[in-house]
Amino acid sequence: MTNFRTLLLSASAAALLAGAAFAKSDITVALQLEPPHLDPTSAAAGAIDSVLYSNVFEGLTRFMADGSVVAGLAESWEISDDGLSYTFKLRDGATFHDGSAMDAEDVKFSLDRARAEDSTNAQKALYAGITDVIVMDPMTVKLTLAEANGSMLFNLAWGDAVIVAPESIENIKQMPIGTGAFKFVNWVQGDKIELARNNAYWGDAPALEAATFKFISDPTAAFAAVMAQDVDVFAGFPAPENLPQFEADPRFQVLVGSSEGETILSTNNKMPPFDNVKVRQAVAHAIDRQAIIDGAMFGYGTPIGTHFAPHNPDYVDLTASSTHDPAKAKALLAEAGMADGFETTLHLPPPSYARRGGEIIAAQLAEVGIKAEIINVEWAQWLETVFRGKDFGLTIVSHTEPFDIGIYARPDYYFQYDNPEFQALMKKLNATADPSMRTDMIAQAQTTISQDYVNGYLFQLAFPTVADAKVQGLWENAPTQATDLTGVSWSD
Amino acid sequence: MKTSRNLVIGAALSTLFIAAALISFIWTPFDVTEMNIPSKLQTPNGTNWLGTDHFGRDIFSMIMVGARTSIAVALVAVGIGMGVGVPLGLAAAARQGSLLDEVIMRGNDLVFAFPSLVIAILITAVFGPGAINAIIAIGIFNIPVFARLTRSAALPLWQREFIMAARASGKGNARISMEHILPNVTNLLIVQGTIQFSLGILAEAGLSYVGLGAQPPLPSWGRMLADAQTMVSFAPHLALIPGGAIILTVLGLNLMGDGLRDLLDPRIRVERT
């Protein structure tokens with residue numbers, strides 16, 4: 001082994017001396033969260049997609065780095081005039097990593113599984129409108145819908161709708177078999193997941209031969225790992241305060257992209273006094289967004305005034321309706337009969353946006369007389385008490401799913417916003433395919449939740465990636481949770 | 001000569017931090033919860049004597065109030081340890097060899113056998129993080145320390161003539177323990193109390209560091225250290241200052257404990273004469 005390494009070293013030294021290109025062909029990518037298992041179609045954990053989306057699993061359509069939706073395993077499609085049926089022509093030569101061909105039966109199996117009654121798919125609702133999946137011939141599949149759905153192609157691009165095979169479904173959680181440019185090799189739980197290039201890939205072969213995903217949850221350890229160059233890329237670097245140091249270091253490049261994470265002060269709309277819109281408005285005016293972005297995120301983040309990503313063309317800037325105005329907040333509290341303020345709880349999950357942001361918000365709320373008791377919780381506890389138990393006053397969390405304004409139409413969702421008008425609007429939006437009408441409706445939806453002050457809208461989470469200066473082709477933004485390595489290469 | 005120097009340095013350091021804690025009740029240079037984000041991460045200067053943290057809070061004020069948190073937690077924890085441990089130790093010594101003695105001392109061994117910080121984490125994990133639960137967790141582990149010390153110091157006393165005299169005059173075990181044994185072990189208890197006090201401060205810092213001690217916005221040295229962790233590389237004073245405060249306080253208390261032992265411990269006192 002030692003001999004071999006010496007040989008390698010001298011070989012590379014010789015190559016360098018000769019001035020020859022000696023491009024690295026493997027990469028180590030660090031992520032903060034480790035997936036609980038490896039089936040993106042049966043769990044909400046975004047960490048699964050962060051490793052597997054596009055690398056191992058592909059859907060009929062897919063997201064590109066800029067958030068656009070393009071053809072994936074479907075080469076082309078036709079939509080009927082009434083918008084009720086989609087006919088997909090599948091990619092010729094696409095095979096699963098176990099060698100079996102990807103055909104219309106696999107598509108039918110995958111989509112039927114996703115929308116089945118007992119399905120545990122996290123985005124089941126997105127596919128509920130599909131009434132039937134019909135196999136026309138091995139390379140053609142037809143989807144029929146109950147009503148027209150303008151976002152069907154977008155919905156099919158999610159990691160939850162990737163195509164899996166019935167033969168390999170049993171062990172998918174430990175041994176994922178997809179159609180992507182990389183195949184799964186090994187998972188050392190608590191440490192890393194290894195992928196290798198799929199030489200039978202239907203599309204352009206990736207430049208990398210092998211990729212290792214490492215999981216480093218502690219921000220200090222993350223900083224040390226990047227500094228020591230133990231990892232080549234850290235996607236979603238957890239400590240924004242360290243980014244200026246990497247930017248100043250010529251060994252590294254820092255990409256600060258936009259994520260789909262709307263970071264909000266989630267408010268329990270059913271719990272008094274938050275059931276009063278005036279109180280929620282008072283909270284909104286008590287918050288100083290810029291102070292939170294500067295204090296908690298060291299300046300990385302874009303202020304938002306509604307639950308929508310600012311980089312989306314349909315975004316409406318509504319930050320003006322909830323400016324930092326403590327005097328107005330106090331007046332609103334007085335109108336609501338709470339001139340002396342009130343006490344509530346502020347549950348904070350582990351990420352620094354929540355823990356640090358929470359301390360700042362508690363201080364800002366205290367200025368207008370609202371005493372928010374900080375309760376630091378771990379994720380499991382947060383899911384239990386806040387998300388499922390709905391036993392909270394306020395909490396801070398980043399909603400990282402793309403185009404997730406639809407959660408406001410679910411009265412049983414943890415913040416419990418129940419507005420029939422909004423629910424009707426969302427229903428109408430889902431049934432509309434006309435782009436300009438959709439834009440209007442999306443704007444109306446954003447305005448409605450902003451005017452109802454459902455939650456405190458803080459900022460769009462930045463997605464910082466720190467990488468070796470020689471790595472190219474990384475996604476800067478995170479339009480979906482993914483670390484797409486198919487276009488990544490080393491520059492020398 | 002060396003003895004009194006330890007005592008003087010130790011007492012001076014301890015007094016410094018106790019004074020800072022007491023003064024913080026009526027005055028701190030800045031409001032300790034007041035955030036001033038535009039002037040964050042400043043190094044020590046004329047306005048903010050020890051600089052500002054990542055929220056622009058005044059570190060000097062935070063150290064003062066943090067001293068209060070540490071001292072309060074450690075003091076009450078030692079109080080619990082003494083309040084429960086000493087009577088147990090006295091009772092065990094009074095009935096040496098009895099079932100009561102066995103039960104008490106084996107119970108103590110049991111508590112001793114647990115790694116204390118792990119159990120403290122367990123207690124705060126079950127009952128929720130917070131200063132009160134940290135106090136209870138640290139306090140429980142002080143009990144066997146005091147119980148053992150009291151018993152071992154009291155046992156030889158029971159063989160002494162003055163105890164026999166007291167017994168001859170008709171006093172019961174409880175009364176002898178209170179009136180004759182306890183005053184003779186007080187010196188030792190004071191010395192041990194000082195040591196346990198410094199360990200209590202360390203334990204509180206450890207619990208706060210992992211997020212199980214005093215909760216924000218109440219400042220605590222351990223949490224200041226934890227918050228500073230990712231910023232050490234560009235703002236080292238954020239970690240050095242609370243770290244230094246912990247070291248100096250614990251050092252001061254230990255020196256004072258050593259000094260007091262030299263001064264008060266009857267065994268050493270006897271050797272010297």
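This report describes chain B of a predicted model, then the nonpolar cores of the structure.

**Overall build of chain B**

Chain B is helical in its secondary structure: 10 helices and 0 strands. Read from the N terminus, every element in the run is α. The C-alpha atoms fill a box of roughly 75 × 50 × 30 Å along the principal axes. The chain has 273 residues, and 45% of them are buried. Among contacts in chain B with a separation of 6 or more, 70% join residues 24 or more positions apart.

**Helices of chain B named in this report**

| Helix | Residues | Role in this report |
|---|---|---|
| H4(B) | 116–127 | crosses H5(B) at roughly 145 degrees |
| H5(B) | 131–158 | axis comes within 9 Å of the H4(B) axis |
| H8(B) | 221–228 | 7 of 8 residues buried |

**The H4–H5 pair**

Two packed helices are described by the angle between their axes and the distance between the axes. For H4(B) and H5(B), the axes come within 9 Å and cross at roughly 145 degrees. The crossing is right-handed. Which residues of H4(B) meet H5(B)? They are Ser116(B), Ile119(B), Ala120(B), Ile123(B), Thr124(B) and Phe127(B). Across from them, H5(B) supplies Asn133(B), Ala134(B), Ile136(B), Ala137(B), Ile138(B) and Phe141(B). By type, the residues of this contact divide into 9 nonpolar, 3 polar and no charged.

**A covered helix**

Helix H8(B) is mostly covered, with 7 of its 8 residues buried. Those buried residues are Trp221(B), Gly222(B), Arg223(B), Met224(B), Leu225(B), Asp227(B) and Ala228(B). Arg223(B) and Asp227(B) are thus on the buried list. What do the buried residues of H8(B) pack against? Their partners are three helices of chain B: H2 (59–94), H7 (173–209) and H9 (237–264).

**Nonpolar cores**

The largest nonpolar core holds 136 residues. Within this core, Val29(A), Val233(A) and Phe234(A) touch the most other members. Strand E17 of chain A, residues 456–468, gives the core its largest share, 8 residues. Take Phe234(A) as an example. Beyond its neighbours within four places in sequence, Phe234(A) contacts Ala30(A), Ala222(A), Val226(A), Thr465(A) and Val466(A).

A second core is separate and has 67 residues. Its members include Ala94(B), Ile143(B), Ala147(B) and Ala228(B). Two of these names link back to helices described above. Ala228(B) is one of the buried residues of H8(B), and Ile143(B) falls in the 131–158 span of H5(B).

Note on methods. Residues are numbered from 1 along each chain as its sequence is written. Chains are lettered from A and ligands numbered from 1 in the order in which they are written. This is a predicted model: local features need pLDDT of at least 70, side-chain atom pairs count only at pLDDT 80 or more; totals for chains, interfaces and linings use all residues. Helices (H or I, at least four residues) and strands (E, at least two) are DSSP runs, numbered from the N terminus. A residue is buried if 20 or more other C-beta atoms lie within 10 Å of its own, exposed if 12 or fewer, and partly exposed in between; C-beta atoms are placed from the backbone. Two residues are in contact if their C-beta atoms, placed from the backbone, lie within 7 Å. Axes are lines fitted to C-alpha atoms, for helices over the stretch in contact, and angles run from 0 to 180 degrees between N-to-C directions. A crossing is left-handed if the near helix is turned anticlockwise from the far one by less than a right angle, and right-handed if clockwise. Ala, Val, Leu, Ile, Met, Phe, Trp, Tyr, Cys and Pro count as nonpolar, Asp, Glu, Lys and Arg as charged, and the others, Gly among them, as polar. A nonpolar core is a set of buried Ala, Val, Leu, Ile, Met, Phe, Trp, Tyr and Cys residues joined through C-beta atoms within 7 Å.
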